[in-house]
Every structure is written in C-alpha cells, then in structure tokens.
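This report goes through a protein model together with its sequence. It takes up salt bridges, a metal site, a sheet and some helices in turn.

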Amino acid sequence: MENLENQIKEVCKRFGIEGEYRSFEVIDSGHINSTYKVYFFRDNELKDYIVQRLNTYVFQNPIAVMENISTVTEYIRAKIKATGRTAKRNVLHYAKTDEGKYYVILDDKSFWRCCRYIDDSVSFTQTDDLKTIEESGKAFGSFLGYLTDYPVQDLHIVIPHFHNTVMRYHALKDAIAVNAAWRKDEVKDVIAGYEELKEIATKPYLLQCEGVLPLRVTHNDTKTSNVLFDAKTGEYLAAIDLDTVMPGLVAFDFGDAIRVAASTVDEDEKDLSKVAIDLKKYEAFTRGFVSKLGGMLTEAEKQSLALGAVAMTAECGARFLTDYLNGDKYFRIHYPDQNLARAKCHLTLARDMISKLDQMQEIVKKYC
Ligand code: GN1
Ligand code: MG
C-alpha cells in the first residue's frame, strides 16, 4: 500500500497537481483498471481527483486509448460550449503533463492518467429508481448524439473485435478446447445454454457485416456505473469510462446498458429465480436514450435495439464464461467462482429477454 501511495503521489506530481497531498481511497467498481480517488488540500479546501492505472493486459496500446479519449472529450466540450453552456460538469477533463501528454508512465512501466473529480456527482452500480434509469438513458443517448458527426474512421481500434459476437463465440470455443483451468466438465449445462443463444446473439453483428446497420462512434461499455449524476437533482451529468470509445453499433450501446439498467439483479446474482428483465426499467431507459438521439436512427437501427439487449447480454455472459474457463485472467473477481456466477446470471437474463422480445420491440416503437 505504501508503494502504491508513493506511485499515486508521483503520478500527481508529474501531472502538476498543486497543493498538499492528503490521502487516497480505492474505487472498486470496475472490472479492468485500478481506480483511486485522491485528495489534495489547496486554497483552504479539499480538491479531489480520479487517478487510474490502466490495465495494459487488456489495453495493449494505452496511448491510443488516451488519444481517443482526449479527442472525443475535446469534441464534446466544444459542442457544449458552442451552446453557451459551461462543460465543466458534463464531460471528463483529463490532466496533461508539462510535455502535453495525457498519461504518465512510471519506472515499473505502469501507465497512469488523471482527471478532476466532477463536483457533487454520484454513480450507481444498480438502481431501482426509474427516474435515475431514464437519466442514464439520456446520458448515453446524448453521448451518441454529440458524436454523431465525429469521423468514425479517425478513432483507434483499441480492442480489435470488441463487440464482434461471432469472434467472442470462437474465443469461448477455444477456451472449452484448451480447458486451461480444468473447469469444463462442471459447466457443461452453462456451455450448452450459451450454444443455444448463439444464433440470436450474433444477429446484430452479422447485420453490421452486411452493411444493414451503420458503424457509428459508440461508447461500448454502457453499464449504469459509467454514468455520473448530479448528487442534488439526480439528473445525468456525463457518460464516463471512455476507454472503449470506438466504431460500433447503437444496438450495442443500448443493449449493453439494458443488460445492467433493466435487470432485476446485480451482474453476479446467484439466486437465478430472481433474475429477469424488468420492462418498466427497460421502458424508462429507452425513453431517456431515444429522447437524445433526435432523428439520427435509421429504421434498421430502431428495429435492432431490443435485439441488441439479447446480444449484449449473451455476449457479455459468454465472455465471463470464457474467462472462467481460462482461469480468470481478464475480469477482476472478488471471490473464486464469480465469473461463473456472472455467466449463469447472464444466461438466465438473456433467456428472459428472448421470452419478452415482442414487448421490448413494442416499447422501442412507442418512443422512436
Ligand atoms: C468491463 O471496466 P468495466 O468494469 O467498465 C468490460 C466490459 C464489460 C464489463 C462487464 C474493456 O467493464 O466490456 O461489459 O466489464 N470492459 C472491457 O461488467 O473489457
Ligand atoms: Mg470500462
């Protein structure tokens, strides 16, 4: 811990953060990077920052990640300012070093970034509050809306094939074949369940390949915890965690958000009888999301949204299962079988969505 604290202090020094260092705390909600909230004392008050160590096993070109993030956040900032508003609390603001870099690499090769914590903001892993869910829909919808005219081809592909569901299924097949952690035999039913979902899960990606669904600038990691809300009013402030901003489908952003925002449970719920999609939550998210997209969606995109929820739930679950079979190399876990619990929960959730797909389509139609 002491070494960690020294690293955090060194990172802040290189980013030129002024004032007296006070303390740091661990923020444990993400599965990939290591995140810390750091306090400095300056001008008679505490100033807080988010300092993150990027996971370079997952993000093998972290400089490209920061290039995407810096250009996209600057683009959004300029758009907000052009309307005469301040962008201070509605888009992340990353610190730069003296050399103008958005990152610091320490002697042990660890890769760090830093941004100011947005004042009076809160986030949630899960919520039952429909107003908050609708606000999270607005946050991701407006993110897409701001970037609708951003040149997609200019973005770096930071994780190739990120939402290529066909490839995710290949990776699962490989993990089963290699059986690196000797876990295959205990999860035969779960594997069979995911096989059954393959056809429907891969549909949006195949529609992208056929050119039916257009590639746009998307967030690609739209879980509820990646939205900041105003602590007082509950209104959305900004979409955060922009590591995976890349070309993608609107159906992926909508679907990945629904996977979390419209679920009755946490990602790793073990009591599968509790796992379902809550159509009231689904409707609240859809209303917020669509309200910010203006007329940008094509007919094919509108029709793909509900399907995207099934696809992203199955894909994410297949990734958890793959990681379980590989011996938990990718997603951070807090107890031994967590990736398996996540995979089972997602299988149940995806099946429930399939049984309600017609109603989900109707709800989209109502708001589009
Ligand atoms: C990871 O880092 P975090 O927790 O926001 C993952 C997402 C998954 C999500 C599942 C780069 O997101 O793709 O949907 O876990 N991010 C990456 O909770 O793989
Ligand atoms: Mg993320």
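## Salt bridges

Arginine 22 has a relative accessibility of 41% and counts as partly exposed. Its salt-bridge partner is glutamate 20, with the closest N and O atoms 3.3 Å apart. Glutamate 20 is partly exposed too, at a relative accessible area of 44%. The model that contains this pair is predicted, and its salt bridges number 23.

A second pair joins arginine 113 and aspartate 243, whose side chains meet at 2.6 Å, N to O. Arginine 113 belongs to strand β5 and aspartate 243 to the loop between β9 and β10, so this salt bridge ties together parts that are 130 residues apart in sequence. Arginine 113 is buried, with a relative accessible area of 1%. Aspartate 243 is also buried, at 3% relative accessibility.

In helix α3, lysine 138 and glutamate 135 are three residues apart, which means about one helical turn separates them. Glutamate 135 is buried at 2% relative accessibility. Together with Lys131, these two residues are linked in a network of salt bridges.

The three pairs are set out below.

| Salt bridge | Closest N and O atoms |
|---|---|
| Glutamate 20 – arginine 22 | 3.3 Å |
| Arginine 113 – aspartate 243 | 2.6 Å |
| Lysine 138 – glutamate 135 | 2.9 Å |

## Magnesium site

Which residues coordinate the magnesium ion (ligand 2)? Asp221 and Asp241 do, each through OD, at 1.9 to 2.1 Å. The two aspartates are 20 residues apart and link distant parts of the chain: aspartate 221 is in the loop between β7 (216–218) and β8 (227–230), and aspartate 241 is in the loop between β9 (236–239) and β10 (246–248). Buried means under 20% relative accessible area. Aspartate 221, at 18%, is therefore buried, whereas aspartate 241, at 23%, counts as partly exposed.

## Sheet

Five strands form an open sheet in the order β1-β2-β3-β5-β4, with antiparallel pairing. β1 (20–27) and β4 (104–105) are the edge strands; each has a single partner strand, so one side of each has no neighbour in the sheet. Strands of a sheet pair through backbone hydrogen bonds. Between strand β2 (residues 34–42) and strand β3 (residues 45–53) there are nine bridges, in the antiparallel sense. Lysine 37 stands opposite isoleucine 50 of β3.

## Helices

Helix α2 (residues 62–82) consists of 21 residues and spans 30 Å from its first C-alpha to its last, close to the expected 30 Å. Its buried residues include Pro62, Val65, Met66, Ile69, Val72, Ile76 and Ile80, and also Asn68 and Arg77. Among the elements that cover the buried residues of α2 are β5 (111–116) and α3 (130–146). After α2 comes glycine 84, which has a positive phi near 90°.

Helix α7 (residues 250–261) has 12 residues and reaches 16 Å between its first and last C-alpha, close to the 16 Å expected. Of its 12 residues, 12 are buried, so α7 is largely enclosed by the rest of the structure. Among them are the charged residue types Asp253, Asp256 and Arg259, as well as Phe252 and Phe254.

## Confidence

The protein chain has a mean pLDDT of 97, and 99% of its residues reach 70 or more. Among its elements, the lowest mean pLDDT is that of helix α1 (residues 2–14), at 95, and the highest that of helix α10 (residues 338–355), at 99.

Definitions and conventions: Residues numbered from 1 in each chain as written. Chains lettered and ligands numbered in written order. Predicted model: local features only at pLDDT ≥ 70, side-chain atom pairs only at ≥ 80, totals over all residues. Heavy atoms only, no water. Donors = N, O, S within 2.8 Å, 3.2 Å for Na, K, Ca; no water. Helix = DSSP H or I, 4+ residues; strand = E, 2+ residues; numbered from the N terminus. Buried < 20%, exposed > 50% of the residue type's maximum accessible area, 1.4 Å probe, protein only. pLDDT = per-residue confidence, 0-100. Expected span 1.5 Å × (residues − 1). Contact = heavy atoms within 4.5 Å. Pairing = 2+ DSSP bridges. Salt bridge = Lys/Arg side-chain N within 4 Å of Asp/Glu carboxyl O.
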